[in-house]
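Please look at the chain shown here and follow how its parts are arranged. The report below starts with one element and then widens to the whole fold.

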Amino acid sequence: MTIYPQSRLTLLPIQDTGFPSSFAADFVSEFVKACEFDNSGSEYYHSWKVCIMACRIGRKLNFDQNAMKELFFSSLLHDIGGVMVNGHVIDLLTQIPDVYGQKSSFRIFVHPHRGETILGTFPTFRNISEIVGTHHEFYDGTGFPKGLKGDKIPLCSRIIRVADAVEIAARVHSADNADEIISLLGIFSGEEFDPEIYDIFVDLVKNEALFDAVKSSEVIEANMAELKKEMHDNYLLSSPDTLNRFFKMVASVADNLTSSEYNHSMRVAELAVQMAYLMKLDESEILAIRWASFLHDVGKLVGNRAVYRKRDKLTEEEWLTVKAHPQNSYDILNKVAGMEKIAYYILYHHENHDGTGYPEGLKGDKIPLASRIMHVADAYDAITSNRPYHRKKQQEEALSELKKNVGRQFDPNIVEVFSKFLIS
Ligand SMILES: [Fe+2]
Ligand SMILES: [Fe+2]
Ligand SMILES: [Fe+2]
């Protein structure tokens, strides 16, 4: 049997990624926003607010284009290691405002390092990952995780420290009053904060109405859109190799939080790509299927993530959350220019051949071929993995379960291709 060589996917020339230069900023901002929904379904906008304020400080410091980009991406991603099955590290930080308490909370203590590890997997994000790893270091050396001091802490991390503390303080004290925030945080200048950066922050608040830039979701969305225009990037995620690693990172964040077995999306991608290859689809289509498979469950990050690990029967409301995930994945990705096709394939990965699936109840050929392929790969991986509701099954048993559902759940042709591939 011919196995589609992975290397051919990763050796495509750089310009063949096909994504516009707005891709990195669009994708990262939408992904981060999706991670920051609370259980009631409203957005926290924590990292977006931190990013908007941090970039205003960076501009005051006359950052050049590259430094601004580093600050933009690192401030957006600063809490990526703090996304948890039940909520987000900002929930904990608002409950534990003092640094000694924060250091003894495992989840708080570990989140900068976890973020650094997640982002350190692609070479073009090395500086960004270092900044993320040090965003809770304090100017006087009493922060965490390493206890770095003064200039040993990267400048961008010192800026994020101020913006982050401001955002959390505003959240805790619901202070839309600038004077109140300044009087609350002023005592930490020289301790938690680099005094020079804190002074710039105070100046921005007093003379340029910094808080107005983050006061409502409409203003936040508008400011982020403005900022993104300056962040067009042809470097950070420009090669298929970096993109592959980046999408794998996104997949592993989603899988770790919402799936009972690691690497679910990676295995779905491998199986789907093999099927697509056997069906002689062209190379760009195979690449789209691969990336769609990596990202198919990213919508599970939105809302109550604990439902995906629940052992008991789901309530009606929890079941609605589960059923919303293809639409959520679609909504996140469809906002990113260049990802429309991938978003479209993902939207239909739970449609059934006979029209009993979701979200739209499409039937047969009306379901995109890529989605039908992913549906089979997804189901096979679920059957052969341990899930809260069943023990994993072996290949043969899994295959006969797929065959049992041919015509009802799955496209007969695809299951046929898949079974040939499995037994060859
Ligand atoms: Fe943080
Ligand atoms: Fe934060
Ligand atoms: Fe799914």
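## One helix, then the whole chain

Helix α9 (residues 155–172) has 18 residues and reaches 26 Å from its first C-alpha to its last, close to the 26 Å expected at 1.5 Å a residue, where the expected span is 1.5 Å times one less than the number of residues. Helices here (H or I, at least four residues) and strands (E, at least two) are DSSP runs, numbered from the N terminus. This is a predicted model, in which local features need pLDDT of at least 70, side-chain atom pairs count only at pLDDT 80 or more, and totals for chains, interfaces and linings use all residues. Residues are numbered from 1 along each chain as its sequence is written, while chains are lettered from A and ligands numbered from 1 in the order in which they are written.

Is α9 mostly covered or mostly exposed? Helix α9 is mostly covered, since 13 of its 18 residues are buried; a residue is buried if 20 or more other C-beta atoms, placed from the backbone, lie within 10 Å of its own, exposed if 12 or fewer, and partly exposed in between. After α9 comes S174, whose phi is positive, near 35 degrees.

The chain as a whole has 21 helices and 0 strands. Its radius of gyration is 23 Å, close to the 22 Å that the globule rule gives for 424 residues, so the chain is as compact as a globular protein of that length; this radius is taken over C-alpha atoms, and the rule is 2.2 Å times the number of residues to the power 0.38. The C-alpha trace spans about 70 × 50 × 35 Å along its principal axes, and 43% of the 424 residues count as buried. Among contacts with a separation of 6 or more, 66% are between residues 24 or more positions apart, a contact being two residues whose C-beta atoms, placed from the backbone, lie within 7 Å.

## Two domains and a core

The domain assignment, which is automatic or comes from a database, gives domain 1 (21–229) and domain 2 (240–423). The C-alpha centres of the two domains lie 34 Å apart, and the contact between them takes 18 residues from domain 1 and 20 residues from domain 2. On the side of domain 1 that touches domain 2, the largest share, 7 residues, comes from helix α2 (residues 23–35).

The largest nonpolar core, a set of buried Ala, Val, Leu, Ile, Met, Phe, Trp, Tyr and Cys residues joined through C-beta atoms within 7 Å, has 102 residues, and A54, V162 and I373 are among those with the most contacts inside it. Helix α2 gives the most to this core, with 9 residues, and the core draws at least three residues from each of domain 1 and domain 2. Leaving aside neighbours within four places in sequence, I373 is in contact with A272, M275, A276, I289 and I414.

Which residues of helix α18 (residues 340–347) are buried? They are I342, Y345, I346 and L347, and the buried residues of α18 pack against α15 (283–295), α17 (325–334) and α19 (369–383).

## Single residues

T258 lies in helix α13 (residues 240–258) and is buried, with 21 other C-beta atoms within 10 Å. Not counting residues up to four places away in sequence, T258 touches D297, K300, L301, R305 and Y308; T258 and L301 are 43 residues apart in sequence and 7.3 Å apart in space, C-alpha to C-alpha. N256 is also in helix α13, but N256 is partly exposed, with 15 other C-beta atoms within 10 Å.

Two residues have a positive phi although neither is a glycine, and the table sets out their values.

| Residue | Phi | Place |
|---|---|---|
| Y45 | near 60 degrees | loop between α2 and α3 (46–60) |
| K280 | about 60 degrees | loop between α14 (264–278) and α15 |

Y45 is buried, with 20 other C-beta atoms within 10 Å, whereas K280 counts as exposed, with 8 C-beta neighbours inside 10 Å.

Cis peptide bonds also appear in loops: the bond from F144 to P145 is cis, with omega near 5 degrees, and P145 is in the loop between α8 (126–133) and α9. Another cis bond joins Y358 and P359, with omega about 10 degrees, and P359 lies in the loop between α18 and α19.
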